[in-house]
Structures are given as C-alpha cells and as structure tokens.
Amino acid sequence: MTTAVYPGSFDPVTNGHMEIIRRAAALFGRVVVLVAANALKTYLFSEEERVALLQSCTETLPNVTIDSSGMLVALYAREIAADAIVKGLRAMTDFDYEFQQSLVNRQLNPRAETIFLPASGTSMFLSSSMVKQVCALGGDISEFVPREALPLIVKRIIDKQ
Ligand code: ADP
C-alpha cells in the first residue's frame with residue numbers, strides 16, 4: 001500500500017487543506033496528516049486541538065489518519081516508510097519555498113517523493129492566516145473552513161480578542 005504524509009501547521013484547518021487531503025486520499029492507499037509541533041512557534045490552537053479538529057473533519061475518509069510530531073518531516077516520513085510527501089501549492093510564491101524544501105527532504109530521505117498538488121481556483125487564496133484575519137475583523141468564514149470546525153474556530157478567535 002502506498003503511504004503519503006501531508007504536513008502542515010493547520011492552525012486552523014481550512015477548506016484548502018481539506019481539498020488537498022481528499023485529493024491525496026484518492027491517490028494514495030494511506031494518508032497521514034502530520035500536524036507540526038514546533039515549540040518555538042505560537043499557535044492559535046494547541047497541538048492536541050489541531051489534531052482533534054482534523055480528526056473530526058476527516059472522519060468520513062477511512063484511509064486518512066492524523067498524527068503530530070516535532071520531527072523533521074523527511075525523518076518522520078522515513079520512520080513510517082512513506083512513499084510520498086504531499087504539499088499543496090497555491091501560487092508561485094509557495095513554489096519557491098516548497099521547491100527548496102523538497103530538495104532538502106530528498107537529501108534526507110530519498111525514498112519519499114515530494115508530490116505537489118495545485119490548489120483549485122476556489123481555494124487558491126485560502127490560508128489559515130487569512131481565515132484568522134477575516135474572522136477577527138468580523139467577517140464570515142463559513143465558506144473557508146470545514147463545517148465541523150467552524151464553531152470552535154470562531155469562538156477561539158473571538159475569545160482571543
Ligand atoms: P497555511 O500556509 O495556510 O498556514 P499550512 O502550513 O498548514 O498552512 O499548510 C500545509 C500545507 O497545505 C502546505 O503544503 C500548504 O502549501 C498547503 N495549503 C495550505 N492552504 C492551501 C490551499 N488553500 N490550497 C492548497 N494547498 C494549501
């Protein structure tokens with residue numbers, strides 16, 4: 001069975017992330033969504049909360065599991081014998097960074113091929129930071145995040161103000 005790792009911050013999960021997860025789940029036997037646990041970064045949601053949110057949004061996808069780790073993605077991929085590291089690409093700006101990252105990852109783990117999935121037209125502009133900004137300024141984010149995650153995301157952003 002082919003295994004792919006889809007890493008990210010997911011702070012919080014957006015419909016852009018969900019689209020990549022669904023498309024990866026159709027391509028690979030198993031997809032592990034890997035939540036970054038970076039102690040040096042400040043997140044809106046804790047590692048456990050980001051995992052729980054992703055779990056509730058992927059319940060209907062039987063070949064998708066959620067994990068979190070502070071390990072380098074390439075080393076995590078080696079540990080679970082992954083065949084691929086999946087990345088979503090929104091624009092040329094994403095590409096530049098992700099291309100460099102893929103070269104490093106190949107060096108660290110030649111077995112895992114980086115696969116880029118282009119964003120669709122509708123989620124091209126979507127990012128976790130955009131969702132946070134729009135919501136904090138009173139905008140409606142219901143079109144941007146999964147239904148299951150909406151109440152918690154809105155509550156956290158309002159509580160934080
Ligand atoms: P963000 O950049 O939104 O803070 P992450 O660091 O959690 O998100 O991103 C994880 C992965 O998902 C990266 O490969 C990123 O390029 C991809 N991604 C994020 N948002 C989208 C989107 N709207 N469409 C396609 N891919 C996306």
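These legends describe close-up views of a predicted model.

**View 1. The largest pocket and its lining.**
The largest pocket holds about 1100 Å³ of space. Its lining is made up of 41 residues. Pro7, Gly8, Ser9, Lys87 and Glu98 are the lining residues that lie nearest the centre of the pocket. Two or more lining residues come from each of strand E1 (3-8), helix H1 (15-27), strand E2 (30-36), H3, E4, H4 and helix H5 (128-136). H4 gives the largest share, six residues. By class, the lining of the largest pocket has 16 nonpolar, 17 polar and eight charged residues.

**View 2. Helix H4 and its packing.**
Helix H4 covers residues 92-108. Its 17 residues should span 24 Å at 1.5 Å a residue, and the end C-alpha atoms are 24 Å apart, so the two values agree. Asp94, Glu98, Ser102 and Asn105 are buried in H4. The partners of the buried H4 residues are helix H3 (73-79), strand E4 (84-89) and strand E5 (113-118). Glu98 also belongs to the set nearest the centre of the largest pocket.

**View 3. Thr114 in strand E5.**
Thr114 sits in strand E5. Its relative accessibility is 18%, and buried means under 20%, so Thr114 counts as buried. Beyond its neighbours within four places in sequence, Thr114 is in contact with Ile85, Lys87 and Ser102. Of these partners, Ser102 is a buried residue of H4, and Lys87 is among the residues nearest the centre of the largest pocket.

**View 4. Helix H1 and its N-terminal cap.**
H1 has 13 residues. From first C-alpha to last, H1 reaches 18 Å, close to the 18 Å expected at 1.5 Å a residue. Buried residues of H1 are Gly16, His17, Met18, Glu19, Ile20, Ile21, Ala24 and Ala25. Which residue caps the N-terminal end of H1? Thr14 does, with a side-chain oxygen 3.1 Å from the backbone nitrogen of Gly16.

**View 5. The surroundings of Thr14.**
Thr14 is placed in the loop between E1 and H1. Its relative accessible area is 2%, so Thr14 is buried. Leaving aside neighbours within four places in sequence, Thr14 is in contact with Ser127, Ser128, Val131, Phe144, Val145 and Pro146. The cap to Gly16, at 3.1 Å, is made by the Thr14 side chain.

**View 6. Leu54 in helix H2.**
Leu54 belongs to helix H2, residues 47-57. With a relative accessible area of 0%, Leu54 is buried. Not counting residues up to four places away in sequence, Leu54 touches Phe10, Val13, Ile21, Val33, Val35 and Ile66. Ile21 is itself a buried residue of H1. Leu54 and Ala149 are 95 residues apart along the chain, yet their C-alpha atoms are separated by 8.2 Å.

**View 7. Ser56 in helix H2.**
Ser56 also lies in helix H2. Is Ser56 buried or partly exposed? At 25% relative accessibility, Ser56 counts as partly exposed. A polar atom of the Ser56 side chain lies 2.9 Å from the backbone oxygen of Leu53. The C-alpha atoms of Ser56 and Arg106 are separated by 32 Å, with their positions 50 residues apart along the chain.

Notes. Residues are numbered from 1 along each chain as its sequence is written. This is a predicted model: local features need pLDDT of at least 70, side-chain atom pairs count only at pLDDT 80 or more; totals for chains, interfaces and linings use all residues. Side-chain values use heavy atoms; hydrogens and water are left out. Helices (H or I, at least four residues) and strands (E, at least two) are DSSP runs, numbered from the N terminus. The expected span of a helix is 1.5 Å times one less than its number of residues. Buried means under 20% relative accessible area, exposed over 50%, partly exposed in between (1.4 Å probe, protein chains only). Contact means heavy atoms within 4.5 Å. On a 1 Å grid over the protein atoms alone, a cavity is a set of points where a 1.4 Å probe fits but cannot get out, and a pocket is an open set with protein on both sides within 12 Å along at least five of seven lines; lining residues have an atom within 4 Å of a point. Grid points are joined across faces, edges and corners, and a volume is the space filled by probe spheres set on the points. Ala, Val, Leu, Ile, Met, Phe, Trp, Tyr, Cys and Pro count as nonpolar, Asp, Glu, Lys and Arg as charged, and the others, Gly among them, as polar. A polar contact is a pair of N or O atoms within 3.5 Å; within protein, one must be able to donate a hydrogen and the other to accept it, and residues adjacent in sequence count only if both atoms are side-chain atoms.
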